[in-house]
Structures are given as C-alpha cells and as structure tokens.
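Please examine the structure shown below. The questions that follow address its packing and its strand pairing in turn.

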Amino acid sequence: MDTTQQPVEPQLPYDVFAKACPSRGTLEHVTGRWGALTLGALHEGSLRFNELRRRVDGVSEKMLSQTLQSLERDGLVHREAQPTNPPRVDYELTPLGHEVAERLLGLIHFVEGRMDDVLAARERYDVTRGAR
C-alpha cells in the first residue's frame, strides 16, 4: 500500500468553474460591482431603497432594483414591504447574506488597505506601457 498518497478531498456538488453550474450566477450577483457594494451597505443594517441608493454612491435606481431582486432571489436579501401610505420597503440581509457580506467586507477592507500599492503598480505600468 502506498502511504505517500494525499487524502482525497470530497467532491462538492457544485463547481463554479463549470459553465452550467448554478453557483456561477450567484457568484456573479455577489461579486459584481453593485452586488458587492449593496451587500456591504446592508451589512451595516436595514435600509430603505433611497437610503441604500445614497449609500451605494453612483448606482442607478434601475441597477439597484435589479441587484436587490437578484440578491433576494438568491436568498441573501430580505425585502419587507410595510402596508403604510406611502408604502415603506426595507431591505436587510438574511443570515446567509450576512455570512457572504462578512467575507466580502474582508476583501473590501484588504483592497482599501492596499490601495497605495495598487496605485503605485498602476503608475509603474503606465510609465512602462504608456498611459492609455
């Protein structure tokens, strides 16, 4: 018996690298510009649509609406409509959404903390390759 073999890792039922895998769509919703920013903003707490739109600077009403629908469909965001006049709609993260947002915020904070390195790399690239 060969004892040098590595243990076989269990096969996951989903593979994001496979074209037809449904996890690919969710990854796109989570890591797209507006999805990541929306999840990050909602990690701070429940927000109404216009509060969320102000927090995610630059997103259009249409894009935010589409993003929220995708994230709600994926089970990451909960939409609560209050039967008031005018209607009040609040958005908040589900437990799964909180878990995803925690991971995203780790990446966001890492990127923010390393921006001096990124900007220096961009400058070196532009000098070497010529600014576009």
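**Strand pairing and helix packing**

Q: In strand 3, which residue is the bridge partner of Gln82?
A: The model is a predicted one. Strand 2 spans 77-82, and six bridges join strand 2 to strand 3 in an antiparallel arrangement. Within strand 3, Gln82 has as its bridge partner Arg88.

Q: How many residues lie between strand 2 and strand 3 in their hairpin?
A: Strand 2 and strand 3 run antiparallel. Together they form a hairpin, and the number of residues between them is five.

Q: Which strands are the edge strands of the open sheet?
A: The open sheet has three strands in the order 1-3-2, with antiparallel pairing. Strand 3 pairs with strand 1 over two bridges, one partnership in strand 3 being that of Leu47 with Tyr91. Strand 3 is also joined to strand 2, by six bridges. The strands that pair on one side only, and hence form the edges, are strand 1 (47-48) and strand 2 (77-82).

Q: Which helix gives the most residues to the largest nonpolar core?
A: The largest nonpolar core holds 22 residues, and those with the most contacts inside it are Leu39, Leu42, Leu52, Leu68, Val77 and Tyr91. At least two core residues come from each of helix 2 (33-43), helix 3 (49-55), helix 4 (61-73), strand 3 (88-93) and helix 5 (95-113). With five residues, the greatest contributor is helix 2.

Q: Which residues of helix 4 and strand 3 are among the contacts of Val77, leaving aside neighbours within four places in sequence?
A: Val77 belongs to the group with the most contacts inside the largest nonpolar core. Its contacts beyond four places in sequence include Leu39 and Leu42, as well as Thr94. Helix 4 covers 61-73 and strand 3 covers 88-93. The contacts of Val77 in those two elements are Leu68, Leu71, Glu72, Tyr91, Glu92 and Leu93.

Q: Why is helix 2 described as largely enclosed by the rest of the structure?
A: The buried residues of helix 2 are Trp34, Gly35, Ala36, Thr38, Leu39, Gly40, Ala41 and Leu42. Helix 2 is largely enclosed because its buried residues number eight of eleven.

Q: Is helix 2 roughly parallel or roughly perpendicular to helix 5?
A: The axes of helix 2 and helix 5 are 9 Å apart, and the helices pack at an angle of about 105°. Angles of 65 to 115 degrees count as perpendicular in this sense, so helix 2 stands to helix 5 as roughly perpendicular.

Q: How many nonpolar, polar and charged residues make up the contact of helix 2 with helix 5?
A: From helix 2, the contact involves Ala36, Leu39, Gly40 and His43. Helix 5 meets them with His98, Val100, Ala101, Glu102, Leu104, Leu105 and Ile108. By class, the residues are seven nonpolar, three polar and one charged.

Q: Is His43 exposed or partly exposed?
A: His43 lies in helix 2 and, beyond four places in sequence, is in contact with Leu93, His98, Ala101, Glu102 and Leu105. Its relative accessibility is 24%. Since exposed requires over 50% and buried under 20%, His43 counts as partly exposed.

Key: Residues are numbered from 1 along each chain as its sequence is written. This is a predicted model: local features need pLDDT of at least 70, side-chain atom pairs count only at pLDDT 80 or more; totals for chains, interfaces and linings use all residues. Side-chain values use heavy atoms; hydrogens and water are left out. A nonpolar core is a set of buried Ala, Val, Leu, Ile, Met, Phe, Trp, Tyr and Cys residues joined through side-chain atoms within 4.5 Å. Buried means under 20% relative accessible area, exposed over 50%, partly exposed in between (1.4 Å probe, protein chains only). Helices (H or I, at least four residues) and strands (E, at least two) are DSSP runs, numbered from the N terminus. Contact means heavy atoms within 4.5 Å. Axes are lines fitted to C-alpha atoms, for helices over the stretch in contact, and angles run from 0 to 180 degrees between N-to-C directions. Angles under 35 degrees count as roughly parallel, over 145 as roughly antiparallel, 65 to 115 as roughly perpendicular and the rest as oblique. Ala, Val, Leu, Ile, Met, Phe, Trp, Tyr, Cys and Pro count as nonpolar, Asp, Glu, Lys and Arg as charged, and the others, Gly among them, as polar. Two strands pair if DSSP finds at least two bridges between them.
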